[in-house]
Amino acid sequence: MTHSDTDLIFSSKKSQIKDFAFDKQVVEVFPDMIARSVPGYATIINTIGNLSLQYAQSHTNIYDLGCSLGAATLAMKKSITTEHCSIIGVDNSSAMVERCKMHVSAFKGESKVDILEGDILDTDIRNASMVVLNFTLQFIEPDLRQHLIQKIYDGLQPGGILVLSEKLKASDEVCNDLLIDLHHDFKRANGYSELEIAQKRTAIENVMRPDSLETHLSRLNQSGFNHVNQWFQCFNFMSLVAIK
């Protein structure tokens, strides 16, 4: 990794910290940022690929909502052997979409892939056998999250699966503080300074609003998902599956 690929966005003291945005500056360092900030990210991406191999149905659509640079899209493209299956990645960042198209086109796969710039709240979910929300829902306005989950459920075929990965806020404040501390230790171990940790937290706190696990489970059950299971958690990052 070259110096320009390393996340140094918050390494110098800023007089004013703007809200975090997925702009060109972030796109340039995003793989490094994710690897050093999200524990278990590689495991989640690999598992999404494995799940797509199992759950992709022929003549259906696969959605990666908030696809960023296409890590989940690529994992599915490399894994799916089912014929006549289309992958649709959607992101509202033009910088992310532009780079994602380059990444995805560099790898061959059985499935047709379309990367679209747009708001996932306006995206039509139809004839889906798999939908991925990988650290995306936490950036959606809280009062719109139930609507999105319901739309996903309604657009899934019977037996279809939703993979939902999120940063959690523990219901118990003492435990929540502990998980935050452990996450900060993880970032320190990956080379982030106290200044970087503090400034990134300030930049993202108004943009990313995590839910508790209980809120996620309630929302999924309310939407109609009867088969829900949390399969992964490391510190305050988790992933679950919901099957229609």
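This report describes the strand pairing, the two largest pockets and the surroundings of one lysine in a predicted model.

## Strand 5 and its partners

Strand 5 covers residues 156-167, and 9 of its 12 residues are buried, which leaves the strand mostly covered. It pairs with strand 4 on the one hand and with strand 7 on the other.

The pairing with strand 4 (residues 128-134) is parallel and consists of 6 bridges. Within this pairing, leucine 133 is placed opposite leucine 164 of strand 5, and valine 132 is placed opposite valine 163 of strand 5. The pairing with strand 7 (residues 237-243) is antiparallel and is made by 7 bridges. Here leucine 162 has alanine 242 of strand 7 as its bridge partner.

## Strand 4 and the crossover

Strand 4 is also mostly covered, with 7 of its 7 residues buried. Besides its pairing with strand 5, strand 4 is joined to strand 1 (residues 60-65) by 4 bridges, and these two strands run parallel. In that pairing, asparagine 61 stands opposite alanine 128 of strand 4.

The chain passes from strand 4 to strand 5 by way of helix 5 (residues 145-155), and the three elements form a right-handed β-α-β unit.

## The largest pocket

The largest pocket holds about 1100 Å³ of space. It is lined by 47 residues, of which Phe135, Gln138, Phe139, Ile204 and Met208 are the closest to its centre. Five elements each contribute two or more residues to this lining: helix 1 (24-37), helix 2 (41-55), helix 3 (71-79), helix 6 (173-189) and helix 7 (194-204).

Helix 6 provides the largest share of the lining, namely 5 residues. Sorted by class, the lining of the largest pocket comprises 25 nonpolar, 13 polar and 9 charged residues.

## The second largest pocket

The second largest pocket has a volume of about 240 Å³. Its lining is made up of 13 residues, and those closest to the centre are Phe30, Pro31, Tyr41, Leu69 and Ala71. Helix 1, helix 2 and helix 3 are the elements that give two or more residues to this lining. These three helices are also listed among the contributors to the lining of the largest pocket.

The greatest contribution to the lining of the second largest pocket comes from helix 1, with 4 residues. By class, this lining contains 10 nonpolar and 3 polar residues, and no charged residues. The lining of the largest pocket, by contrast, includes 9 charged residues.

## Lysine 244

Lysine 244 lies in the segment that follows strand 7. Its relative accessible area is 28%, and lysine 244 is therefore classed as partly exposed, since that class lies between the limits of 20% for buried and 50% for exposed.

When neighbours within four places in sequence are set aside, the contacts of lysine 244 are Tyr153, Asp154, Leu156, Gln157, Pro158, Gly159, Gly160 and Phe225. Several of these contacts can be placed on elements already described: Leu156 is in strand 5, which covers residues 156-167, and Tyr153 is in helix 5, which covers residues 145-155. The C-alpha atom of lysine 244 is separated by 9.1 Å from that of valine 228, a residue 16 places away along the chain.

Definitions and conventions
Residues are numbered from 1 along each chain as its sequence is written. This is a predicted model: local features need pLDDT of at least 70, side-chain atom pairs count only at pLDDT 80 or more; totals for chains, interfaces and linings use all residues. Side-chain values use heavy atoms; hydrogens and water are left out. Buried means under 20% relative accessible area, exposed over 50%, partly exposed in between (1.4 Å probe, protein chains only). Two strands pair if DSSP finds at least two bridges between them. A crossover is right-handed if, with the strands pointing away from the viewer, the path from the first strand over the helix to the second runs clockwise. On a 1 Å grid over the protein atoms alone, a cavity is a set of points where a 1.4 Å probe fits but cannot get out, and a pocket is an open set with protein on both sides within 12 Å along at least five of seven lines; lining residues have an atom within 4 Å of a point. Grid points are joined across faces, edges and corners, and a volume is the space filled by probe spheres set on the points. Ala, Val, Leu, Ile, Met, Phe, Trp, Tyr, Cys and Pro count as nonpolar, Asp, Glu, Lys and Arg as charged, and the others, Gly among them, as polar. Contact means heavy atoms within 4.5 Å.
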